[in-house]
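Visitor: Hey, I've got this one open but I'm new to it. Could you walk me through it?

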Amino acid sequence: MTGTAEGDELAVSARWIEALDRQSVIMMAIFARAGFEPVAPAVIQPADVFLDLIGEDLRGRTYVFSDPSGAELCLRPDLTIPACRLYLARHGAEAPASRFAYNGVVFRYQPTGGNLVRPREFRQAGIESFAADDPGRADAEILALSVEAVRAAGLRAFKLRVGDLGIFDALLEAVEMPDRWRVRLRHHFRHPDAFRRQLRHIVQPNTAGLEIPDELLRRLTAADENTAIAEIEAYCAAHDLTITGTRTLEEIAAHLKGIGEDLQERPLSKEAAGLIDAYLRVEAPARAAMAQIRSLTSAAGIDVSAALDAYEARIALAAQEGIEMGDAHFSASFGRAFAYYTGFVFEITSSALGDTTPIGGGGRYDTLMETISGAGRVPAVGAAIHSERLLLAVRGGRP
Amino acid sequence: MSDAQSDRLVLAVPSKGRLMDDTLGLFAKAGLTIRKVGNERGYRGEVAEVPAIEVAFISASEIAHAIRDGKVHLGVTGEDLLRETIPDMEAKAQILAPLGFGHADVIVAVPNFWIDVVSMADLEEAAVLYRRRHGTRMRVATKYMGLTRRFFAGHRFDAAVKTGAAVTMYRIVESLGATEGAPAAGTAELIVDITSTGSTLKANGLRILADGVILKSQANLVLSRTASWSPQQSRLRDDIVRALGA
């Protein structure tokens, strides 16, 4: 498996494609039988939606181009966002329950050349469930169908890894702190280094590190918005600073107020920071992990039982669907790296390809649709199987 | 350019401007007189003292591509262009020597009235608030899309630092000229660009972030690891390096 573009072309032999097609027919039949409507979103998508949603990490791996009219377009780097756009186009402002299944090619630039497990074009077979009445049941169903699909394709041994970003969210809500700290911790959650720095900062606030005088920062912190804006304007005029661009004085005033308040705020207790840190280190079989988290939080006098109950209900529902999720590996940190997940997350790995090359995975993303549409929230959960990897794993790692 | 197969060493030299003049000057001082062959506007040249060296005059950014693809053996180009063009630079190229000219810093600059934003960490905070208020990501105008992505992801090109504060809530808008005017024009909120004296930034009401120097770049003599190297070509390389005192 060398890192060359030729690797891609070798992989795309007619027989390989036929085998992939056979595999996808098997998986799509399972999805359709479960009541998921087969859909085929467009391969070419407007670039804007993706660039604003997924950020530069994935953009750097997306084929973006202009058409002759000058419109910025891209080859879809995944199928979840195109499926969401299809749902929005069909239903507009209503949010009826709806379930889609798809199978199609996606495209990702590989900076050092593609190879068999990281190809620049590959097929995703997936399912998305929108606005289901019972989110826990929808989570369990998506997981069960994903497992059923890879089994039906011939994958005998695999590992399941699960996480739940909802528990972390509940933990942040339950620990006493100003809301702006929650916003920041939630944002930095996806970047472990930055998250640790944030946590340290609110336990041990240091200086603001700004160039404006401390005394001005104190005044701005105490002032109402209009006074603060006038003060900043005067400061800019006195220091020959040009007010320009789309970012406003209101935003600067609000940010400075937050910085000033941080310096005056009672720092987050070491115990609370320790609890957050200890939670993120939980790694255990899914059922045992819940017991660990219950004892961690109750020792700290923190109540996250609603989130944990939902988690355990999901395990029970998965069992009804025939998945023994209690033995799956739970990792509290798992799901941090993904751009839009908000709750339950899972991935399927094989010994043939190793733990860092998942064959499939998915999770709950309750805020993505409103970010795309700017309209109401549509809770959703979905999963996608990386078809090429699945076929490789089924064949023991060889094409 | 096509002669990398023969036994001559192909040396790529910037085809215009200060960078070309400084390169020719430096080689001349080292006793290597580079001159064009045939037409004054042509792109082929030679070294008067060493016939086995073939000179290709091409633009500095094309030199980075040629080094990456092994179309030339050696080249003179900026580290900014090398790192921008070749994500896995260490695997494909080797910087033999900095040449002491063509100095330019690749920097992150914001409007100077952003008194709440001094560091990259402040920028991320401001960007998160910006997204909440405007519903869109902050836009960074640049022609250095690769360098920007890696630096904003926390990567540091300074080997002594390695990682730093990451900025994630942004998107790049590609800018092919007059980047420093983008914030005032309303086409981006901040920029990543090169600067040598900082006066253009100042004139446009921009300020470099305290930890916003992405790369202190200068012209370098660079070797292509992907070109094929015969014993004679390797000897010629050693001769050039020795002559330059590098």
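Guide: Sure, we'll look at a sheet in one chain and then a helix pair in the other. Keep in mind that this is a predicted model.

Visitor: Okay, in what order do the strands of the open sheet in chain B come?

Guide: The order is β2-β3-β4-β1-β5-β12-β6 (chain B), so seven strands with mixed pairing.

Visitor: And which strands stand at the edges?

Guide: Those are β2 (34–36) and β6 (93–98) of chain B. Each has a single partner strand, so one side of each is left without a neighbour in the sheet. On average, neighbouring strands here are turned by 35° against each other, direction ignored.

Visitor: How does β6(B) pair with β12, parallel or antiparallel?

Guide: Antiparallel, over five bridges, with β12 of chain B covering residues 219–224. One of the partners to look for is Asn220(B) in β12(B), which bridges to Pro98(B).

Visitor: Which strands does helix α2 of chain B lie across?

Guide: That helix, residues 60–69, lies across β1 (9–14), β4 (50–58), β5 (74–78), β6 and β12 of chain B. Against β5(B), α2 of chain B runs at about 135°.

Visitor: Switching to chain A: at what angle do α2 and α5 pack?

Guide: About 145°, with the axes 9 Å apart; α2 is residues 14–33 and α5 is residues 135–152 of chain A. The crossing of α2(A) past α5(A) is right-handed.

Visitor: Which residues meet there?

Guide: From α2(A) you have Ile26(A), Met27(A), Ile30(A) and Phe31(A), and they meet Leu145(A), Glu148(A), Ala149(A) and Ala152(A) of α5(A). By type, the contact of α2(A) with α5(A) has seven nonpolar residues, one charged and no polar.

Definitions and conventions:
Residues are numbered from 1 along each chain as its sequence is written. Chains are lettered from A and ligands numbered from 1 in the order in which they are written. This is a predicted model: local features need pLDDT of at least 70, side-chain atom pairs count only at pLDDT 80 or more; totals for chains, interfaces and linings use all residues. Two strands pair if DSSP finds at least two bridges between them. Helices (H or I, at least four residues) and strands (E, at least two) are DSSP runs, numbered from the N terminus. Axes are lines fitted to C-alpha atoms, for helices over the stretch in contact, and angles run from 0 to 180 degrees between N-to-C directions. Two residues are in contact if their C-beta atoms, placed from the backbone, lie within 7 Å. A crossing is left-handed if the near helix is turned anticlockwise from the far one by less than a right angle, and right-handed if clockwise. Ala, Val, Leu, Ile, Met, Phe, Trp, Tyr, Cys and Pro count as nonpolar, Asp, Glu, Lys and Arg as charged, and the others, Gly among them, as polar.
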